[in-house]
Amino acid sequence: MKVLRNFAYTSGYQIFSIIVPIITTPYISRQLGPSGMGINAFSLSLVQVFVLFAYLGTQKYGNNMISKSRDDDAELISNFKSIYVNQLLTTTVTLLLYVVYVLLFINKYQELYFIQGLYLLSVYFDVSWFFQGKEDFKTTVIRGMGSKLLGVALIFILIKGPQGTVLYGFILAVSSLMANIAMWVYLWYEINWRQFLKVRLRLKPFINQLRHIFTYFIPVAFLQITTQMYQLILGWHASATEVAYYANASKIIIIPLYIITSFITVMFPRISYELASEGKERVADLLKSSVEITMLLSIPLTFGMIAISSNFVDWFFGPGFVEVSSVMIILSLRIIPATLNEAFGYLYLMADGKATLYSRALGIGGAVSLILNFVVTLAGGADATAWVSVISEVLIMLAILFFSRSKAKVLLDGLILRSFLYSILMFIPIYFVGLNHNGSIFITVVQIILAILIYGGLILIFERSKIHKILRSFTN
């Protein structure tokens with residue numbers, strides 16, 4: 001039951017995260033316009049690269065180590081202290097490098113770039129990996145929802161036109177910082193601080209742990225850097241408007257992936273714990289059920305996003321953003337391969353200590369995507385960048401499935417194959433419902449309800465026993 005309860009917390013939070021941009025993006029897109037949103041997206045992409053180096057794999061490694069040592073208080077506190085000190089060191093070095101970079105290379109909108117540096121300060125206080133390792137997702141969800149509500153309120157109160165571009169960046173960055181600071185209120189009661197102070201860090205084990213953290217950093221880095229580089233290369237070769245088209249389409253496509261990855265986030269510490277407890281058979285069962293659940297979500301979401309894109313973009317973003325629709329359709333093709341990459345990459349390769357294989361797979365896709373990006377964005381803009389993103393994700397998927405071939409047989413399961421048929425049967429009516437309707441919120445709502453009824457109905461009618469069996473595997 002704990003797995004399903006944690007999934008309820010995380011998926012509930014992700015649904016809340018879906019609602020927030022639905023509320024704020026139409027308002028912000030009209031207040032800041034494509035240029036203002038593009039400037040924010042570009043500067044945020046840059047600072048996120050530095051944030052990535054500040055974490056240096058701490059989140060996944062910390063999650064893994066805390067989950068494995070949570071039954072031993074002494075080992076738990078020792079692991080927490082050494083991992084957190086590593087995080088402090090890497091964040092300090094990265095923050096200094098970011099300040100130097102902004103001073104030397106950024107002339108326009110320098111104030112905004114310094115404000116974005118608050119995201120780096122927030123890394124000092126981020127201990128979400130500790131709570132996730134203990135499978136305490138309720139705590140991280142509460143602080144996340146609180147910070148988002150504060151941000152939404154400030155956006156509607158303070159942003160009143162294109163002059164609010166810098167202020168918009170400040171509100172988002174401060175919200176992130178406050179959320180991580182609030183986490184320490186909960187941490188205070190979780191740690192025996194006297195024992196924490198007694199733990200002595202020795203140089204050799206400390207450096208050895210840093211090496212392991214770096215191993216976890218490589219796959220995360222490939223994913224994050226290539227994602228951010230799409231927008232950065234667009235900004236260098238095209239315009240802020242093209243960045244806005246791509247960034248806004250990505251923002252929508254990431255919504256269904258939030259729900260899927262929330263399940264993987266919950267399962268990662270659970271599978272790590274079972275591996276430490278030598279529950280190999282249990283792990284195989286959990287991995288199979290996890291892949292089935294995530295595919296049952298990703299396949300209909302892919303078809304659904306394509307079907308609603310045209311009508312949705314018109315009313316959601318408003319005038320000046322019609323080009324987002326084609327980018328959104330292309331990026332929808334990323335959902336299925338991205339789901340498989342997360343499921344097999346994290347729940348099998350990384351949880352089982354095979355991060356190097358995951359890194360190789362990501363390296364293939366990352367190298368190809370960067371080369372193609374520099375070539376195609378000169379001519380194709382946001383659409384071309386979206387195709388590069390899809391091609392990269394597919395290449396990574398093929399490599400990961402090759403390294404996970406002993407476990408990948410689950411993809412031949414009849415349930416997953418039938419899910420494609422159910423999704424096609426769902427796609428046809430909702431596509432025609434939206435045809436020739438542009439900018440209607442009502443039509444989008446009808447499409448979503450119809451999609452849920454058709455796909456959900458087919459699953460309940462034909463796959464009920466199979467779904468019950470999958471759910472039982474998580475509650476045993």
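The following questions and answers tour helix packing, cores and salt bridges in a predicted model.

Visitor: What ground rules apply to this predicted model?
Guide: Residues are numbered from 1 along each chain as its sequence is written, and side-chain values use heavy atoms, with hydrogens and water left out. Totals for chains, interfaces and linings use all residues, whereas local features need pLDDT of at least 70 and side-chain atom pairs count only at pLDDT 80 or more.

Visitor: At what angle do helix H2 and helix H3 pack, and is that roughly parallel or roughly antiparallel?
Guide: Helices are DSSP runs (H or I, at least four residues), numbered from the N terminus. Axes are lines fitted to C-alpha atoms, for helices over the stretch in contact, and angles run from 0 to 180 degrees between N-to-C directions. H2 (residues 58–69) and H3 (residues 73–105) have axes 9 Å apart and pack at about 170°. Angles over 145 degrees count as roughly antiparallel, under 35 as roughly parallel, 65 to 115 as roughly perpendicular and the rest as oblique, so H2 to H3 is roughly antiparallel.

Visitor: How do the residues of the contact of H2 with H3 divide?
Guide: Contact means heavy atoms within 4.5 Å. From H2 come Thr58, Tyr61, Gly62, Met65, Ile66 and Ser69; from H3 come Glu75, Leu76, Asn79, Phe80, Ile83 and Gln87. Ala, Val, Leu, Ile, Met, Phe, Trp, Tyr, Cys and Pro count as nonpolar, Asp, Glu, Lys and Arg as charged, and the others, Gly among them, as polar. The split is 6 nonpolar, 5 polar and 1 charged.

Visitor: Which residues have the most contacts inside the largest nonpolar core?
Guide: A nonpolar core is a set of buried Ala, Val, Leu, Ile, Met, Phe, Trp, Tyr and Cys residues joined through side-chain atoms within 4.5 Å. Buried means under 20% relative accessible area, exposed over 50%, partly exposed in between (1.4 Å probe, protein chains only). The largest core has 77 residues. Its leaders in contacts are Phe80, Phe130, Val291, Phe344 and Leu411.

Visitor: What does phenylalanine 130 touch?
Guide: Residues up to four places away in sequence are not counted. That leaves Ile66, Leu76, Phe80, Leu187, Glu190 and Ile191.

Visitor: Is serine 309 buried or exposed, and what does it touch?
Guide: Serine 309 sits in helix H12 (residues 280–317). Its relative accessibility is 1%, so it counts as buried. Beyond four places in sequence, serine 309 touches Ser325, Met328 and Ile329.

Visitor: How many residues of helix H13 are buried?
Guide: H13 spans residues 324–332 and is mostly covered. Val324, Ser325, Val327, Met328, Ile330, Leu331 and Ser332 are the buried ones. The count is 7 of 9.

Visitor: How many salt bridges does the whole structure hold?
Guide: Side chains of opposite charge can pair when their charged atoms come close. A salt bridge here is a side-chain nitrogen of Lys or Arg within 4 Å of a carboxyl oxygen of Asp or Glu. A search of the whole structure finds 9.

Visitor: How far apart are the closest N and O atoms of lysine 288 and glutamate 292?
Guide: The two are 4 residues apart in helix H12, so about one helical turn separates them. Lysine 288 is partly exposed at 33% relative accessibility, while glutamate 292 is buried at 1%. Their salt bridge has a closest N to O distance of 2.8 Å.

Visitor: Which residues are linked with Lys288 in a network of salt bridges?
Guide: Lysine 466 forms a salt bridge with aspartate 413, with closest N and O atoms 3.4 Å apart. This pair joins helix H18 (residues 464–475) to the loop between helix H15 (355–403) and helix H16 (414–434), 53 residues apart. Both lysine 466 and aspartate 413 are buried. Linked with Lys288 are Glu292, Asp413 and Lys466.

Visitor: Which residue forms a salt bridge with glutamate 463?
Guide: Glutamate 463 lies in the loop between helix H17 (441–462) and H18, and its partner lies in helix H16, so parts 45 residues apart in sequence are tied together. Glutamate 463 is buried at 3% relative accessibility, whereas the partner is partly exposed at 36%. The closest N and O atoms are 2.5 Å apart, and the partner is arginine 418.

Visitor: What does proline 269 touch?
Guide: Proline 269 is found in helix H11 (residues 240–276). Its relative accessible area is 0%, so proline 269 is buried. Leaving out residues up to four places away, it touches Asn63, Ser67, Gln132, Gly133, Glu135 and Phe137.
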